[in-house]
Amino acid sequence: IGIATYPNAGKTPESLCKHADLAMYKAKKGGKLSYCLFTDEMEQTQLHQKILEDAVQGAIKNKDFSLVYQPIYDLVSKNIVGAELLCRWKHKTLGEILPDEFIPIAENAGLIVDLGHLIFELAIADIVLLSQSQQQTLWFAINVSIKQFYGNDFIDLLQSTLEKNALPSSAFEIEISETAFTEETMLYDKTINQLAASGVRISIDDFGTGNLSLNRLNTLSVSTLKIDQSIIEKIEHSKNDNNMLNTFLNLAKNMSLLVIAEGVETEKQLDFLKAHDCQYGQGFYFTEPLSFSDFKAIL
Ligand code: C2E
Ligand code: MG
Ligand code: MG
């Protein structure tokens with residue numbers, strides 16, 4: 001239920017209904033069986049969202065996005081084994097806007113498929129350049145929204161681009177956030193498995209924060225679990241936190257999955273992860289996400 005009261009929330013039936021509607025959407029976001037009272041702030045937020053939505057649309061058209069690279073390390077040898085590609089957007093007047101803000105906007109505005117294609121295009125251009133100058137075999141992890149699995153367009157694009165550029169599919173890992181595995185997205189599982197069958201690795205991002213049941217995990221052709229930073233952050237906080245992380249690491253081991261710790265920031269965290277057989281990690285302890293040229297230099 002959304003509630004708007006006369007006269008503060010509107011002086012006409014139209015504006016009262018519009019504002020009650022806004023309040024209802026806010027209430028729905030908080031879950032079922034709830035209500036929300038309209039506030040002026042809600043309208044400002046909606047306006048801000050609308051401005052950003054238009055800006056994202058323009059930025060896709062102008063290809064105003066770029067990528068940064070966060071190296072992924074083998075925790076024992078400390079060698080770089082790959083990198084996660086993260087999207088960046090610098091708006092002319094609004095400044096740097098982070099993906100946590102613009103990705104949900106692109107998703108809600110139906111722009112995520114176009115943005116996803118653009119990100120993939122940028123990634124391939126860089127990776128082709130890298131493969132010409134590098135001897136090392138690296139893997140590249142690209143974040144995608146689960147909505148990109150609607151239909152076969154994304155898989156077709158991925159496969160044809162890899163073929164055209166003679167890039168091996170095994171060099172790619174597609175990250176899907178665990179939070180995206182809801183009941184509504186069950187229908188994408190088949191497409192995800194189809195992609196995995198083509199040799200591209202699938203990883204579950206932000207593992208430990210979503211609702212992916214073990215049963216569903218077992219039916220998905222997943223190669224990697226990326227343990228979320230919120231879990232890594234709690235290392236050595238309490239016995240329970242350590243036990244939970246350990247359980248995740250054992251789960252990965254028992255299911256023959258690779259495991260990457262996200263957001264490693266301290267030596268203490270690194271030592272714990274190594275002592276518990278976590279294979280890979282990334283985070284500010286090693287390095288922040290880097291520009292393409294800095295990434296090449298660090299290699
Ligand atoms: P994610 O995929 O889990 O990415 C990890 C985020 O943690 C990145 O934030 C990264 O900069 C940050 N990070 C890395 N190491 C550390 C650390 O040691 N400490 C802390 N505090 N943070 C660390 P970023 O780049 O802002 O991305 C946020 C999220 O936006 C990503 O989470 C991903 O879900 C989404 N995203 C980013 N790029 C893309 C993209 O190209 N496509 C899609 N669909 N989503 C993207
Ligand atoms: Mg990721
Ligand atoms: Mg993550």
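Strand 4 gives the largest share of the shell around ligand 1, with four residues. That's a handy place to start looking at this predicted model. Strand 4 covers 80-91, and it has company: helix 3 (99-108) and strand 8 (201-207) also each supply at least two residues of that shell.

**Around ligand 1**

So where does ligand 1 sit? You'll find ligand 1 in the largest pocket. There are 23 residues around ligand 1, and the ones that come nearest are E84, R88, D205, E265 and F284. Sorted by class, the shell has nine nonpolar, eight charged and six polar residues.

Some polar contacts are worth picking out, and in each of them the ligand's partner atom is an oxygen. Here they are:

| Residue | Part of the residue | Distance to an oxygen atom of ligand 1 |
|---|---|---|
| D206 | N or O atom in the side chain | 3.0 Å |
| E262 | N or O atom in the side chain | 3.0 Å |
| F284 | polar backbone atom | 2.7 Å |

How much of ligand 1 does the protein bury? Taken alone, ligand 1 exposes 800 Å², and the protein buries 83% of that.

**The magnesium ion called ligand 3**

D206 and E262 turn up again here. The magnesium ion (ligand 3) is coordinated by D205 (OD), D206 (OD), E262 (OE) and E262 (OE), at 2.0 to 2.4 Å. Read along the chain, the donors of this magnesium ion (ligand 3) follow the spacing D-D-x55-E. D205 lies in strand 8, while E262 lies in the loop between strand 10 (258-261) and helix 10 (267-275), so this pair ties together parts that are 57 residues apart in sequence.

**The magnesium ion called ligand 2**

Which protein donors does the other magnesium ion (ligand 2) have? They are E84 (OE), N143 (OD1), E175 (OE) and D205 (OD), lying 2.0 to 2.3 Å from the magnesium ion (ligand 2). Along the chain, the spacing of these donors is E-x58-N-x31-E-x29-D. N143 belongs to strand 6 (residues 139-143) and E175 to strand 7 (residues 172-177), so that pair ties together parts that are 32 residues apart in sequence.

**The residue in the middle of it**

You may have spotted D205 in both donor lists. D205 bridges the magnesium ion (ligand 2) and the magnesium ion (ligand 3), and the two ions lie 4.1 Å apart. D205 is also among the residues that come nearest to ligand 1, as is E84, and E84 is one of the donors of the magnesium ion (ligand 2).

Note on methods
Residues are numbered from 1 along each chain as its sequence is written. Chains are lettered from A and ligands numbered from 1 in the order in which they are written. This is a predicted model: local features need pLDDT of at least 70, side-chain atom pairs count only at pLDDT 80 or more; totals for chains, interfaces and linings use all residues. Side-chain values use heavy atoms; hydrogens and water are left out. A residue is near a molecule or strand if one of its heavy atoms lies within 4 Å of it. A polar contact is a pair of N or O atoms within 3.5 Å; within protein, one must be able to donate a hydrogen and the other to accept it, and residues adjacent in sequence count only if both atoms are side-chain atoms. Accessible areas come from the Shrake-Rupley method with a 1.4 Å probe; for residues, only the protein chains shown count as cover. On a 1 Å grid over the protein atoms alone, a cavity is a set of points where a 1.4 Å probe fits but cannot get out, and a pocket is an open set with protein on both sides within 12 Å along at least five of seven lines; lining residues have an atom within 4 Å of a point. A molecule sits in a cavity or pocket if more than half of its atoms lie within 2 Å of its grid points. Ala, Val, Leu, Ile, Met, Phe, Trp, Tyr, Cys and Pro count as nonpolar, Asp, Glu, Lys and Arg as charged, and the others, Gly among them, as polar. Donors are N, O and S atoms within 2.8 Å of the metal (3.2 Å for Na, K and Ca); water is not among the atoms, so sites may look incomplete.
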